[in-house]
Protein chains: 2
Amino acid sequence: MTNIDHRPDPTLPEGTRPTRQRRAVVSALSASEEFRSAQEIHDVLRHEGENVGLSTVYRTLQALADAGEVDVLRGEDGEASYRRCSTSHHHHLVCRDCGRTVEIEGPTVERWAENVAAEHGFTDIGHSVEIFGTCPSCSASRT
Amino acid sequence: MTNIDHRPDPTLPEGTRPTRQRRAVVSALSASEEFRSAQEIHDVLRHEGENVGLSTVYRTLQALADAGEVDVLRGEDGEASYRRCSTSHHHHLVCRDCGRTVEIEGPTVERWAENVAAEHGFTDIGHSVEIFGTCPSCSASRT
DNA sequence: GCCAGAGTTGACAATGGTTCTCATTCCAGT
DNA sequence: ACTGGAATGAGAACCATTGTCAACTCTGGC
């Protein structure tokens, strides 16, 4: 599957050892276009014969997330999902049926968020923006 | 971007019985300006002498959320928090230290989200926007 | 190569929010 | 009051996530 948008494979944070386990997690992430939960990644690795402990999967994903190497998305149920992402700041357009994701850039929103927050005297501003919808193919296959 | 101050007390969804327990949950929500987790509300009620089971608190909050009577916000840890909200569509500016919340309206973002999604052929569009920051009083009391 | 020590791992336990179960209780209409 | 369906609540179950800690494994220095 071609990588149309700029989403380089994640790289391990500096100062960490490139162990077999961590490489496996990274490669599992690289192999998938969609968001995967820690548990799913753990399963994938198991089926590939790569034995990696669940704790390690969690730890590695968290490290990657902290380093900004992967996106973290929280589902309605609060479960965290991870996906490789472009390094620049961006948001997501997610299909609520199939989970297909498009990365979005929006200078408009960035500025808007900054302004609104500043107006209220808030500093140290961050924001999260997710757009949900039904993607073309899913709305086509709707009975 | 306007600051909405009108936040009516939530009302029980139709077709449900206005029991003592449900009333208590609603009134607890009405009494608070901030987001409260289900557990917190349960505690508040307990201290008020209103005995309401935890399950019931969860059920009631979920019903209210489904009916759009309250806002649901998921913290970083995935815990759900509830607050009464204005009925119109809006977003939040949340202080990451004290949890203080300001409701935000942003026609700009609404339009932007619609457009972006439409560009990609997505339909049935919804979105979630939250802005995080440090509020004036919290940034003042920082050591 | 060998060693030492810090980094890393993983089986398992523990945590904690949320949901489920089901016997009991409450409500509305007759 | 009577009755059936809705609602409740104590506790168990669930399950993602985090903590524990002994065993293991890199890496740099010798």
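Which residues form a negative surface patch? In this predicted model, the patch is made up of A:E40, A:D43, A:E76, A:D77 and A:E79. One of these residues, A:E79, sits in the loop that runs between β2 (70–74) and β3 (80–84) of chain A. A:E79 counts as partly exposed because its relative accessibility is 36%, a value that falls between the 20% limit for buried residues and the 50% limit for exposed ones.

Attention can now turn from like charges to opposite ones. Side chains of opposite charge can pair when their charged atoms come close. Over all chains, the count comes to 4 salt bridges, and three of them are described here, beginning with chain A.

In chain A, the side chains of A:R83 and A:E103 form a salt bridge, with a distance of 2.8 Å from N to O. A:R83 belongs to strand β3 of chain A and A:E103 to strand β5 (residues 101–104), so this pair ties together parts of the chain that lie 20 residues apart in sequence. Both partners, A:R83 and A:E103, are buried.

Chain B offers a salt bridge between residues with these numbers too: the side chains of B:R83 and B:E103 meet at 2.6 Å, N to O. Here B:R83 is in strand β3 (residues 80–84) of chain B and B:E103 is in strand β5 (residues 101–104), and the pair links distant parts of the chain, 20 residues apart. B:R83 is buried, as is B:E103.

Another salt bridge in chain B joins B:R20 to B:E50, whose closest N and O atoms are 3.0 Å apart. This pair also links distant parts of the chain, 30 residues apart: B:R20 is in helix α1 (residues 20–31), while B:E50 lies in the loop between α2 (38–47) and α3 (54–66) of chain B. How accessible are these two partners? B:R20 counts as partly exposed because its relative accessibility is 43%. B:E50 is likewise partly exposed, with a relative accessible area of 28%.

The cysteines complete the picture. A disulfide is a covalent bond between the sulfur atoms of two cysteines. How many disulfides does a search of the whole structure find? The search gives 0 over all chains. Two cysteines can still be placed by their accessibility. A:C138 counts as buried because its relative accessibility is 13%, which is under the 20% limit. B:C135 is buried as well, with a relative accessible area of 0%.

Terms used:
Residues are numbered from 1 along each chain as its sequence is written. Chains are lettered from A and ligands numbered from 1 in the order in which they are written. This is a predicted model: local features need pLDDT of at least 70, side-chain atom pairs count only at pLDDT 80 or more; totals for chains, interfaces and linings use all residues. Side-chain values use heavy atoms; hydrogens and water are left out. Patches are made of residues with over 30% relative accessible area and no salt bridge: like charges are joined within 9 Å, nonpolar side chains (Val, Leu, Ile, Met, Phe, Trp, Tyr) within 5 Å. Accessible areas come from the Shrake-Rupley method with a 1.4 Å probe; for residues, only the protein chains shown count as cover. Lys and Arg count as positive and Asp and Glu as negative; His and the chain ends are not counted. The place of a charge is taken as NZ of Lys, CZ of Arg, CG of Asp or CD of Glu. Helices (H or I, at least four residues) and strands (E, at least two) are DSSP runs, numbered from the N terminus. Buried means under 20% relative accessible area, exposed over 50%, partly exposed in between (1.4 Å probe, protein chains only). A disulfide is a pair of cysteine sulfur atoms within 2.5 Å.
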